[in-house]
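Got the structure open in your viewer? Here is a short tour, one selection at a time.

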Amino acid sequence: MDRIGHWIDGAAFPGGLARTGPVWNPATGVQQAEVSLGGASEVGAAVEAAAIAFPKWRATPLSRRTEVLFNFREALSANRRNLAALVTSEHGKTVTDALGEVARGLENVEYACGALNLLKGEYSEQVSTGIDVYSIRQPLGVVAGITPFNFPAMVPLWMLANAIACGNTFVLKPSEKDPSASLLLGRLLDEAGLPPGVFNVVHGDKEAVDALLAHPQVSAVSFVGSTPVAKAVYTAGTGAGKRVQALGGAKNHMVVLPDADVDLAADAAVSAGFGSSGERCMAVSVVVAVGAIAQPLVDAIAARIQKLRVGDGSDPDSDMGPLITADHRDRVASYLDIGRSEGAELVVDGRTHDMPGRGFFLGPSLLDHVQSDMAVYQDEIFGPVLTVARVDSYDQALQLVNSNRYGNGTAIFTRDGGAVQSFQYDCQVGMVGVNVPVPVPVASYSFGGWKESLFGDSHIYGPDGIRFYTRTKVVTSRWPGVGTSRVDLGFPGTR
Ligand code: NAD
């Protein structure tokens with residue numbers, strides 16, 4: 001059985017044997033490795049390495065820091081297939097999907113390569129007689145990232161590229177379910193010339209997270225995962241005086257107005273509902289069908305679902321892979337009976353889909369006539385279960401979107417520009433797609449939801465990422481000429 005250890009101070013770090021977790025191949029249901037679950041001692045070693053590396057990395061010229069990032073971008077690009085294959089083997093998503101994840105992660109590295117520009121301060125000349133004021137951005141120190149299982153390459157890249165570009169040193173605590181991608185990132189950063197200790201990986205679960213949150217030398221924490229854990233991490237981290245951004249779960253609505261193109265909307269709903277087996281925080285989970293389009297839309301979605309090929313993600317013929325674990329697959333499948341018992345109509349039952357007998361598979365499913373008080377509507381299912389809520393009007397659709405406790409992503413499908421303008425103005429959601437079902441912002445904008453999809457003030461990556469990983473200092477400066485100084489106890493004026 002392969003053992004997966006940590007990455008600390010620029011080298012593999014085996015870690016203790018006391019606690020380990022299984023790493024499955026979800027497509028076969030076979031355990032392929034065990035990962036060492038770190039605790040206070042591994043976290044202590046990683047934070048110490050990061051703290052020692054910080055002063056030198058911070059003082060490294062920005063041009064050299066970005067040179068390392070450019071090298072990393074090249075190494076990552078050359079290794080995108082290797083990284084995607086690791087993601088597929090431990091997460092289960094198809095190789096095409098995994099390559100897409102790596103490509104979106106790479107965009108964040110490319111954004112961070114612009115740090116020379118992004119870290120510019122401001123300068124105001126002669127704000128008072130002979131006085132200039134300017135602001136500078138400085139790194140925070142050791143920062144930590146805690147990431148979910150569903151994007152084992154992209155979400156760490158959302159964080160680490162900007163954090164390192166800004167001059168911080170970084171400790172990543174990836175999901176213990178698919179730990180290997182983070183180690184390849186560590187090796188590629190090393191190859192790119194990143195000094196030891198600037199990037200570290202500690203594998204583990206709650207114990208490692210708690211140790212990071214309690215560590216006095218960790219200045220800031222970026223978290224991405226489920227809402228209950230996001231809330232707990234935010235509370236504990238801020239309580240310990242750290243800067244925290246904690247992104248949580250989602251229940252994304254795709255509103256389809258009566259004038260929408262049925263085929264376009266059905267293609268989008270199926271792609272965004274079942275891509276990565278629905279294990280995406282930006283997956284469409286509720287199609288809100290307005291008026292008479294509902295039945296043709298449900299028929300078009302159901303017809304497309306039947307054609308999806310469910311199989312091993314490493315098989316190029318598979319459209320959809322397995323779920324992450326057997327437990328998660330069973331939990332997701334249980335919602336099909338829950339939905340039916342609540343009065344929804346199970347139009348397509350994924351349990352009967354043609355799929356491999358082994359592995360953590362569940363075929364794509366469709367529940368229609370879902371009401372807002374049902375558990376299948378309220379809960380984040382995080383699997384290949386698409387639900388349809390039928391409403392009579394645009395206002396009812398908007399009300400449904402806005403009364404949901406999550407506010408990560410949403411989309412509207414229509415040809416009506418006025419409706420789009422109203423929707424983008426009124427919806428209580430952080431990311432909005434207009435005829436785009438998965439509106440993940442490009443790297444030069446920031447990603448983040450509203451309401452229970454995000455705890456903290458800043459979104460992740462893009463300009464908010466640069467702000468999150470730096471703090472500003474404002475300098476008020478005077479270079480007096482000889483003989484111009486005098487004692488003055490009055491409050492400093494500007495005129
Ligand atoms: P999770 O909350 O179970 O785990 C996330 C991280 O927290 C992992 O590293 C895990 O080891 C750690 N963790 C788990 N339980 C913990 C606990 N009790 N205390 C401290 N740490 C703990 O999430 P997951 O199942 O890995 O990922 C899926 C969830 O992440 C979904 O809810 C999904 O919507 C969300 N997600 C959100 C975004 C976003 O950008 N908003 C992106 C991806 C995933």
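Start by selecting Ala-397. Ala-397 is buried, because 26 other C-beta atoms lie within 10 Å and 20 or more is enough to count as buried. Keep in mind as you click around that this is a predicted model. The residue belongs to helix α14, which covers residues 394-403. Now show what surrounds Ala-397: setting aside neighbours within four places in sequence, it is in contact with Val-255, Val-288, Val-290 and Val-391. Then draw a distance from Ala-397 to Val-256. The two are 141 residues apart along the chain, yet their C-alpha atoms are separated by 8.9 Å.

**Zoom out**

Bring the whole chain into view. How many helices and strands are in the chain? There are 16 helices and 23 strands. The C-alpha trace spans about 85 × 60 × 40 Å along its principal axes. The radius of gyration is 25 Å, close to the 23 Å that the globule rule gives for 495 residues, so the chain is as compact as a globular protein of that length. If you colour by burial, buried residues make up 53% of the 495. As for contacts with a separation of 6 or more, 71% of them are between residues 24 or more positions apart.

**First helix pair: α3 and α4**

Select residues 80-91 for helix α3 and residues 95-112 for helix α4. Two packed helices are described by the angle between their axes and the distance between the axes. Here the angle is about 120° and the axes are 8 Å apart. Is that parallel, perpendicular or oblique? With 65 to 115 degrees counting as roughly perpendicular and over 145 as roughly antiparallel, an angle of about 120° makes α3 oblique to α4. The crossing is right-handed.

Now turn on the side chains where they meet. On α3, show Arg-80, Leu-83, Ala-84, Ala-85, Val-87 and Thr-88; on α4, show Val-95, Ala-98, Leu-99, Glu-101 and Val-102. The residues of this contact divide into eight nonpolar, one polar and two charged.

**Second helix pair: α10 and α11**

Next, pick residues 262-274 for α10 and residues 294-307 for α11. Their axes come within 9 Å and cross at roughly 50°, which makes α10 oblique to α11. α10 passes α11 in a right-handed crossing.

For the contact itself, display Val-262, Asp-263, Ala-265, Ala-266, Ala-269 and Val-270 from α10, with Pro-296, Leu-297, Ala-300, Ile-301, Arg-304 and Ile-305 from α11. This contact has 10 nonpolar residues, no polar ones and two charged.

**Past the end of α10: two serines**

Follow the chain on from α10 into the loop that leads to β14 (284-290), and stop at Ser-276. Then select Ser-277, which has its place in the loop between α10 and β14 too. What should you look for in the backbone? Most residues other than glycine have a negative phi, and most peptide bonds are trans. Ser-276, however, has a phi near 55°, a positive value in a residue other than glycine. Ser-277 also has a phi near 55°, again positive and again not in a glycine.

Are these serines buried or exposed? Ser-276 counts as buried, with 24 C-beta neighbours inside 10 Å. Ser-277 counts as buried too, with 35 C-beta neighbours inside 10 Å.

**Another loop serine: Ser-226**

Jump to Ser-226, in the loop between β11 (218-224) and α9 (227-239). Ser-226 is partly exposed, because its 16 other C-beta atoms within 10 Å fall between the cut-offs of 12 or fewer for exposed and 20 or more for buried. Apart from neighbours within four places in sequence, Ser-226 is in contact with Gly-248 and Gly-249. Add Cys-281 to the view: Ser-226 and Cys-281 are 55 residues apart in sequence and 9.1 Å apart in space, C-alpha to C-alpha.

**Last stop: Thr-494**

Finish with Thr-494, in the segment after β23 (470-478). Thr-494 is exposed, with 8 other C-beta atoms within 10 Å. Which residues does Thr-494 touch, leaving aside those within four places in sequence? Thr-494 is in contact with Val-127 and Ser-128. For a final distance, draw a line from Thr-494 to Tyr-425: these are 69 residues apart along the chain, and their C-alpha atoms are separated by 41 Å.

Methods
Residues are numbered from 1 along each chain as its sequence is written. This is a predicted model: local features need pLDDT of at least 70, side-chain atom pairs count only at pLDDT 80 or more; totals for chains, interfaces and linings use all residues. Axes are lines fitted to C-alpha atoms, for helices over the stretch in contact, and angles run from 0 to 180 degrees between N-to-C directions. Helices (H or I, at least four residues) and strands (E, at least two) are DSSP runs, numbered from the N terminus. Angles under 35 degrees count as roughly parallel, over 145 as roughly antiparallel, 65 to 115 as roughly perpendicular and the rest as oblique. A crossing is left-handed if the near helix is turned anticlockwise from the far one by less than a right angle, and right-handed if clockwise. Two residues are in contact if their C-beta atoms, placed from the backbone, lie within 7 Å. Ala, Val, Leu, Ile, Met, Phe, Trp, Tyr, Cys and Pro count as nonpolar, Asp, Glu, Lys and Arg as charged, and the others, Gly among them, as polar. The radius of gyration is taken over C-alpha atoms; the globule rule is 2.2 Å times the number of residues to the power 0.38.
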